[in-house]
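Take a look inside this protein. This report covers its empty spaces, its core and one charged residue.

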Amino acid sequence: MSVDETIRRVLRPALLASACALLALAPLSAAAQPHQHQHGDSGNFGRVHFPISCGADAQERFHHALAMLHSFHFPATGQAFTALADAQPSCAMAWWGVAVSQRLNPLVPPFPPAALQRGWQAIERARAAPPRTEREREWVEALAVFFQDHERVDQRTRTLAYEAAMERLAAKYPDDAEAQIFHALAINEAVDLSDKTYARQLKAGAILERVDARVPDHPGVVHYLVHTYDFAPLAERGLPAARRYAALAPASGHALHMPSHIFSTLGLWKEAIAADRAAVASYTEYFGKVDPRVAGKPELVARNYHSVDFLTNAHMQMAQDRAAAELLEPYRTVAEPPPLIYPFHTGFAAAFVRHAFDRDAWAEAAALPVPKTPYPMAEAISWCGKALGAARSGDPAGAKHSVERLRELRGRLAEARDTYWAEQVQVQETAATAWIALAEGRREEALRLMRAAADLEDRTEKHIAMENRLSPMRELLGELLLETGDPAAALREFEASLKVAPNRYRSFAGAAKAAERSGDREAARRWNGRLLELTAEADTERPEMAAARQFLARN
């Protein structure tokens with residue numbers, strides 16, 4: 001079969017199938033910007049500038065597709081590049097666009113083998129065009145290393161090869177803003193979440209900030225700055241970009257959501273809620289227009305699940321339990337979330353676990369259903385909730401069953417060589433085992449295991465697929481220390497946890513209780529006051545809030 005026939009028979013049908021399975025977002029503005037074209041989704045996705053040699057019409061269409069790509073606006077991005085390639089099959093950069101758009105969100109590997117194969121086929125088509133300029137040839141060849149030999153070469157090796165290729169391209173074309181931007185994105189793709197020096201993040205950030213000074217209205221720059229600085233020690237640096245992104249690409253549901261990454265990392269819950277409400281409204285509106293079966297049913301829109309997790313977390317930190325319950329109610333009817341990419345499934349599972357954990361509803365957590373998912377890291381979140389819920393509600397036998405399921409899932413991830421997620425499941429398994437030990441009266445073992453879980457979690461950073469920890473392990477360690485009668489040590493753990501995960505209800509409440517029990521009245525006043533400030537707009541009166549008022553009235 002020729003390359004042309006392969007593309008027609010394999011690539012285009014796969015993209016069309018993706019278009020049916022994946023949902024893009026609703027255009028929120030019809031205002032056109034320069035370098036946009038009314039092909040595919042026609043809203044305002046922002047300004048980009050990437051000259052290609054395929055003619056004026058192709059240039060305009062390419063810019064529109066590229067602007068969508070910079071906001072991970074799938075599947076419309078792939079559809080737009082494919083339509084351009086169909087219209088001008090000799091345009092090599094159209095095929096480059098088809099290839100690069102196979103990655104959907106490039107920051108959440110591994111990628112499906114079929115998508116990698118489609119990407120490689122598009123690279124072959126781009127090579128066959130061939131590119132009309134040396135610069136275009138180099139763009140195609142830089143991306144080729146990401147897809148080449150994907151059947152035999154592991155993802156990490158190919159990601160590092162792509163990072164190096166983009167570094168060479170950016171060095172050769174220092175005035176090409178897109179080369180610098182894609183280089184910074186490639187650096188972020190290669191980030192090692194166990195590297196606490198943040199070397200790659202700082203390198204990418206420096207590149208993006210230089211480009212931002214030259215092209216301050218580019219949607220990709222602010223988007224990737226948010227991802228670059230989406231870690232507790234760096235998050236303050238990401239605030240300016242977070243507060244600009246949505247306005248630069250208002251038609252992008254992803255652009256509406258992304259600021260909440262920085263807001264959540266910094267504990268800015270009101271801003272996180274506003275961002276994700278806008279994102280859910282955008283996605284839901286679009287899906288209702290595309291498919292009448294989901295009109296008015298946000299629970300059927302898989303792209304909502306990530307934002308729903310953020311919303312649940314933010315509401316629960318502010319003791320807005322009723323708001324969280326109302327948000328989640330329609331989603332409880334979904335037993336099998338539609339498969340997209342795994343961050344949607346991790347978010348779906350986490351939202352229900354958070355809602356139980358943050359209300360101390362441990363028996364409820366133990367009884368949570370496990371949504372059907374092909375992603376072990378998502379299923380593990382549900383079993384972690386069940387394990388901790390059972391252990392903390394007096395059912396160690398039930399907790400042990402859930403821990404066995406966690407162990408099985410960790411084995412599957414290890415077998416797939418997914419080291420990061422295997423370790424995250426190990427953290428969950430260890431923490432649950434600690435609380436089982438406490439329930440069975442093995443105090444010293446419980447403390448040893450819970451401290452091991454906290455230390456293990458500290459070795460790695462959060463992943464964008466699980467932005468907010470279900471419950472930071474140092475927070476859980478503080479709670480276990482309170483249970484075992486060591487409030488001074490508990491206070492230290494809560495305060496340490498708050499440095500990484502600020503403005504958390506359970507950490508404030510735990511710190512207040514630990515300070516009071518250890519006789520530190522000043523710290524108790526401070527933490528009780530912080531708790532009441534955090535919950536000033538609560539819709540529920542939790543016991544810790546009543547206790548804080550009583551303490552402050554007496555002191």
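Which helix gives the largest share of the lining of the largest cavity? Helix 21 does, with five residues. Keep in mind that this is a predicted model.

**Cavities**

A search of the whole structure finds five cavities of 30 Å³ or more. The largest has a volume of about 200 Å³. It is lined by 18 residues, and Gln428, Glu457, Met466, Arg469 and Leu470 are the closest to its centre. Helix 21 is joined in this lining by helix 19 and helix 23, and each of the three supplies at least two residues.

The second largest cavity has a volume of about 160 Å³. Among its 17 lining residues, Asn105, His254, His306, Pro343 and Phe344 are the closest to its centre. Helix 12 (253-257), helix 15 (304-317) and helix 17 (342-357) each supply at least two residues of this lining.

**A pocket**

The second largest pocket holds about 470 Å³ of space. It has 26 lining residues. Nearest its centre lie Ala232, Arg469, Pro472, Val500 and Ala501. Helix 24 gives the most to this lining, with three residues. At least two residues each come from helix 13 (259-265), helix 22 (443-458), helix 23 (473-483) and helix 24 (487-500).

The table sorts the linings by class.

| Lining | Nonpolar | Polar | Charged |
|---|---|---|---|
| Largest cavity | 11 residues | four residues | three residues |
| Second largest cavity | nine residues | seven residues | one residue |
| Second largest pocket | 11 residues | six residues | nine residues |

**The nonpolar core**

The largest nonpolar core has 182 residues. Phe62, Leu66, Trp96, Trp139, Leu143, Phe182 and Met450 touch the most other members. Helix 21 (residues 419-439) gives the most to this core, with 12 residues. Apart from this core lies another, of five residues, including Tyr283, Phe287, Val294 and Val301.

Which residues does Phe62 contact, leaving aside its neighbours within four places in sequence? They are Phe50, Ile52, Phe81, Leu84, Met93 and Trp96.

**A charged residue: Glu379**

Glu379 sits in helix 19 (residues 376-392). Is Glu379 buried or exposed? Its relative accessible area is 11%, and buried means under 20%, so Glu379 is buried. Its side chain makes a polar contact with the side chain of Arg405, at 3.3 Å. Leaving aside neighbours within four places in sequence, Glu379 is in contact with Val370, Thr373, Arg405, Leu409 and Arg412.

Notes. Residues numbered from 1 in each chain as written. Predicted model: local features only at pLDDT ≥ 70, side-chain atom pairs only at ≥ 80, totals over all residues. Heavy atoms only, no water. 1 Å grid on protein atoms, 1.4 Å probe; cavity = no way out; pocket = protein on both sides within 12 Å on 5 of 7 lines; lining within 4 Å. Points joined across faces, edges and corners; volume = space filled by probe spheres on them. Helix = DSSP H or I, 4+ residues; strand = E, 2+ residues; numbered from the N terminus. Nonpolar A, V, L, I, M, F, W, Y, C, P; charged D, E, K, R; others polar. Core = buried A, V, L, I, M, F, W, Y, C linked by side-chain atoms within 4.5 Å. Buried < 20%, exposed > 50% of the residue type's maximum accessible area, 1.4 Å probe, protein only. Contact = heavy atoms within 4.5 Å. Polar contact = N/O pair within 3.5 Å; in protein donor to acceptor, adjacent residues only side chain to side chain.
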